[in-house]
Amino acid sequence: MIPYLVALRAIVLREGLRFIHQRERFVAALVRPLVWLLVFAAGFRAALGLSIIPPYATYITYETYIVPGLCGMILLFNGMQSSLSLVYDRETGSMRLLLTAPLPRGWLLFCKLLGSTAISIVQVYTFLAIAALFGIEMNAWGYVAALPALVISGLMLGALGLALSSFIKQLENFAGVMNFVIFPMFFLSSALYPLWKMAESSPLLRDICAFNPFTHAVELIRFALYMQFNGMALLWVLLATVLFMACALWGYDPARGMVKRKG
Amino acid sequence: MIQGLSVDRVSYRYGDKVALDAVSFDVAPGRFAALLGPNGAGKSTLFSLLTRLFTTGDGRISIAGQDMGRTPRAALARMGVVFQSPTLDLDLTIRQNLSYFAALHGLSGRDARRRIDAALDRLEIRARAGEKARNLNGGHRRRTEIARALVHDPSVLLLDEPTVGLDAAARQSITEHVHRLCAEDNLTVLWATHLTDEVYDDDQLVLLHQGRILAGGTCAELRGDKSLKDYFLDLTQMPRQSTEAAL
């Protein structure tokens with residue numbers, strides 16, 4: 001068992017060191033949700049009326065509503081960005097180094113996933129701290145309760161990125177996938193508007209949003225931040241994680257030939 | 001069962017294109033074998049199969065007595081690899097790069113430190129262990145990668161065109177160094193190249209062309225009176241001008 005943990009620690013530490021060396025990435029990843037929170041939400045505040053829906057016990061401002069969605073946004077963008085780095089790693093060769101380690105490939109990929117999720121979570125908490133400075137505070141214990149929700153959501157989105165990275169031939173193709181995956185996933189979810197609001201304009205859109213696993217990740221985080229448990233969302237997120245991870249393992253199966261599909 | 005390296009009737013296809021066609025050769029323990037072939041001969045495909053980046057149902061590969069198909073992790077644990085494309089993390093120091101690799105092989109703490117020091121000594125770069133990989137020149141980066149490939153004390157070392165992009169002096173130095181490692185440490189080496197001057201007369205030569213083995217034996221025996229370059233060109237039957245540049 002020990003070699004597994006030694007490898008896990010090294011892979012997570014390496015992700016951490018890479019993160020420290022790329023501070024610009026950290027700042028950039030924070031600017032995005034903060035712009036949404038402090039500019040976009042401020043503008044929308046007046047336009048969007050929110051009724052009392054679970055987990056909220058009272059009327060909330062729009063800024064408060066979109067905080068969990070923006071936490072999800074950080075996880076989503078980082079999950080995709082780390083898989084972008086996997087495509088890059090694959091082209092430069094450091095992915096080869098990882099995959100030739102004498103450990104099961106699934107474990108190595110899982111370690112990589114856990115490392116990038118850990119980094120995302122540091123960013124989410126930094127974002128939550130800044131939001132709190134601007135007066136958008138959650139339940140104090142909610143910050144603790146949100147941790148497992150963030151971990152599982154981060155793993156789900158990372159696994160999706162991992163699966164995508166195994167099917168992308170070249171770095172250049174990634175931009176397209178970003179547009180076809182990130183934006184639909186984010187906008188067709190409950191991150192920016194509650195589902196009932198969506199249903200007012202189109203029941204079909206509401207159904208798509210309800211199907212989107214990102215919606216459930218956001219709801220899981222939202223409920224956890226208010227010390228509530230959303231079992232349905234958890235189930236949905238877990239199922240999606242298993243599915244995405246299975247796709248990633250299939251994509252990185254040596255019998256399929258990871259490097260076989262030369263660009 | 002052979003303890004060195006054994007490749008037995010290995011074939012591989014990219015769709016309809018045959019990349020390797022029933023490739024077979026053995027490298028005895030402690031031998032330096034040069035896998036010589038022009039670009040596109042199938043060397044990189046063979047390396048990907050040897051390192052299990054992908055697998056094939058056709059043929060068998062055995063590393064230090066471990067079958068790559070049946071016990072892949074045991075086979076990988078006995079193998080050190082230097083890839084053609086650089087795999088160092090440039091923001092990390094030499095020692096950090098080696099520690100990361102050691103951990104991937106389950107080595108940590110004092111044991112890992114001792115092995116890392118030994119590997120750095122073998123490649124004569126221990127004095128620079130604290131420097132970032134980014135600050136090293138091409139030759140030293142390659143040395144670091146070779147040291148890294150030796151940290152877990154493998155019995156087989158695979159190098160895929162390890163001198164690509166190096167100047168003549170660094171190229172010669174690395175070639176000599178690995179020959180010495182092979183002789184002194186009883187290391188089995190498979191060195192893929194398209195450069196004939198990296199192959200010594202005593203080396204085992206495996207000549208790969210268009211996915212097939214054209215010749216195998218000791219370099220001196222095979223080339224006879226010709227230079228290795230002429231022998232290679234005659235055998236691969238390519239117009240001399242077009243391959244001259246590659247050699």
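Me: Which residues are linked with Asp117(B) in a network of salt bridges?
Reply: Happy to start there, keeping in mind that this is a predicted model. One pair in the group is Arg126(B) and Asp117(B), whose side chains meet at 3.4 Å, N to O. The network linked with Asp117(B) is made up of Arg95(B), Asp121(B) and Arg126(B).

Me: Is Asp117(B) buried or exposed?
Reply: Its partner Arg126(B) has a relative accessibility of 38% and counts as partly exposed. Asp117(B) has a relative accessible area of 17%. Buried means under 20%, so Asp117(B) is buried.

Me: How many residues apart in sequence are the parts that Asp21(B) and Arg212(B) tie together?
Reply: These two form a salt bridge, with the closest N and O atoms 3.8 Å apart. Asp21(B) sits in strand β2 of chain B and Arg212(B) in strand β10 of chain B, so the parts they join are separated in sequence by 191 residues.

Me: Which residue forms a salt bridge with Arg114(B)?
Reply: Look in helix α4 of chain B, about one turn of the helix from Arg114(B). The closest N and O atoms of the pair are 2.9 Å apart, and the partner is Asp111(B).

Me: Which side chains of chain A and chain B meet in a salt bridge?
Reply: Between chain A and chain B the count is one salt bridge. Its N to O distance is 3.2 Å, and the residues are Asp89(B) and Arg14(A).

Me: Which element gives the largest share of the side of chain A that touches chain B?
Reply: Helices α1, α4 and α5 of chain A each supply at least two residues of that side. The largest share is eleven residues, and it comes from α1(A).

Definitions and conventions: Residues are numbered from 1 along each chain as its sequence is written. Chains are lettered from A and ligands numbered from 1 in the order in which they are written. This is a predicted model: local features need pLDDT of at least 70, side-chain atom pairs count only at pLDDT 80 or more; totals for chains, interfaces and linings use all residues. Side-chain values use heavy atoms; hydrogens and water are left out. A salt bridge is a side-chain nitrogen of Lys or Arg within 4 Å of a carboxyl oxygen of Asp or Glu. Helices (H or I, at least four residues) and strands (E, at least two) are DSSP runs, numbered from the N terminus. Buried means under 20% relative accessible area, exposed over 50%, partly exposed in between (1.4 Å probe, protein chains only).
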